[in-house]
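Trainee: I should like to work through this entry by question and answer, beginning with the ligand and then turning to the helices and the backbone.

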Amino acid sequence: MAGEPATLGPMDLGLLERTLAERGEPGFRSRQVWEWVARGAASYEQMTNLPAALREELAVHVPLSSLTVSSEAHARDGTEKALFATADRRPVEAVLMRYRDGRRSLCLSSQSGCPLTCAFCATGTMKFGRNLTASEILDQALHFRRREAVDHAVFMGMGEPLINLEQVLAACERLPDLGITSRRTAISTVGWIPGIERLTSEGPPVRLALSLHAAEEALRSELMPVNDRYPLADVLEACRRWSEARREPVFVEYLMLDGVNDRYEQAVALARALEPPATFKVNLIPYNPTDSDFEGSTRAAIDAFRAALAERGLRATVRLTRGRDIDAACGQLAAAHA
Ligand code: SAH
């Protein structure tokens, strides 16, 4: 991307390229290095098609990652969470979810902290740091890629990816090199309309997920203040245009909060808002405890809500909760151990 800072690599690509140029190395070297890194190389030593002297030089001058690992946690269900620090000491978290069917899914952060203040989400309570660079996003993925093959990625970690779309898209372009195709990459948004519009016109073949949580404007504004800026009705219009252009459904995330948004009439209102039903696929999310005052809906309430949606022709599934015992589940990323 012309004019962009040289942050598109696994590391500081600008630094890599400058270092290679100073040594009079041929242009294909940086691509070689990236190929090794994307396939999980953990050191320059492994890059056997590079001259040994060059490998040593790079090891000294070009760090393999723009992030350092501050701590790691392992959940009983196989989920792993890593807390990183950027060079300017901003905390960033990412999660690897392992599923029984062999799927390996990464939950990536697009920002350190989040400028939005959704009432139920722990990330919004920490201080907002800044947008992450494409390198810092990719380095979260590479951290786990060094350990094992990965095949799915969701931008459901810290931050609002559509506020940092330039860098998120630059990272998305490189994820296929790690084994994660665009169709297996999903960007989740609170409904940041300019970003949805850009995804519609540029059309990268990534999936789109919308954090919806309430079909009534007033309640949604209470839960997600961003709704005052981009009201749900407008957001859904933007989602329909995206879906039409991409010929893919939009995934709708709906957090189930006891006595707040889980009543039968609210399922009916949701079904009415999500017209036509073929455009949307609903994912009901069990609430993960944070410091907020909310309680999660009971399993019975979640099942009844789902049945009410299904009766109206809306596809709905209940999200499997992963990593709750290490605060790695949705909405729990707050860099508490930073
Ligand atoms: N800002 C984007 C990307 C983060 S995705 C977005 O909001 O879509 C994080 C997902 O976890 C969102 O769907 C969010 O609503 C959900 N979430 C937040 N707090 C949660 C909690 N306590 N329990 C379960 N899910 C939560």
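Trainee: In this predicted model, which residue has a polar backbone atom 3.2 Å from a nitrogen atom of the ligand?

Mentor: A polar contact requires a pair of N or O atoms within 3.5 Å. The ligand contributes a nitrogen atom here, and the partner is a polar backbone atom at 3.2 Å. That backbone atom belongs to F120.

Trainee: How far from an oxygen atom of the ligand is the polar side-chain atom of H213?

Mentor: Oxygen atoms of the ligand take part in contacts with backbone and side chain. A backbone N or O atom of T189 lies 3.4 Å from a ligand oxygen. For H213 the partner is a polar side-chain atom, and its distance from a ligand oxygen is 2.5 Å.

Trainee: What percentage of the ligand's exposed area does the protein bury?

Mentor: The reference is the ligand taken alone, which exposes 540 Å². Of that area, the protein buries 95%.

Trainee: Which strands each supply at least two residues of the shell around the ligand?

Mentor: The shell has 22 residues, of which S188, S211, H213, E253 and N288 come nearest to the ligand. By class, 11 residues of the shell are nonpolar, nine are polar and two are charged. The strands that each supply at least two shell residues are strand 8 (185–189), strand 10 (250–256) and strand 11 (280–286).

Trainee: Why are helix 1 and helix 2 described as oblique?

Mentor: Helix 1 (residues 13–22) and helix 2 (residues 29–38) have axes that come within 10 Å. Helix 1 passes helix 2 in a right-handed crossing. An angle over 145 degrees would count as roughly antiparallel, and 65 to 115 as roughly perpendicular. The pair is therefore oblique, since the axes cross at roughly 135°.

Trainee: What is the handedness of the crossing of helix 4 and helix 5?

Mentor: Helix 4 (residues 134–145) and helix 5 (residues 165–178) have axes 8 Å apart and pack at an angle of about 30°. They are therefore roughly parallel to each other. Their crossing is right-handed.

Trainee: And what is the handedness of the crossing of helix 6 and helix 9?

Mentor: The axes of helix 6 (residues 193–202) and helix 9 (residues 232–246) come within 9 Å and cross at roughly 10°. These helices are therefore roughly parallel to each other. Their crossing is left-handed.

Trainee: Where is P276 placed?

Mentor: The peptide bond from E275 to P276 is cis, with omega near -15°. P276 itself is in the loop between helix 10 (264–273) and strand 11.

Trainee: What is the approximate phi of R89?

Mentor: R89 is found in the loop between strand 2 (80–85) and strand 3 (91–98). Its phi is positive although the residue is other than glycine, with a value near 65°.

Technical notes:
Residues numbered from 1 in each chain as written. Predicted model: local features only at pLDDT ≥ 70, side-chain atom pairs only at ≥ 80, totals over all residues. Heavy atoms only, no water. Near = heavy atom within 4 Å. Polar contact = N/O pair within 3.5 Å; in protein donor to acceptor, adjacent residues only side chain to side chain. Areas by Shrake-Rupley, 256 points an atom, 1.4 Å probe, with all protein chains shown as cover. Helix = DSSP H or I, 4+ residues; strand = E, 2+ residues; numbered from the N terminus. Nonpolar A, V, L, I, M, F, W, Y, C, P; charged D, E, K, R; others polar. Axes fitted to C-alpha atoms, helices over the stretch in contact; angles between N-to-C directions. Parallel < 35°, antiparallel > 145°, perpendicular 65-115°, else oblique. Left-handed = near helix turned anticlockwise from the far one by under 90°.
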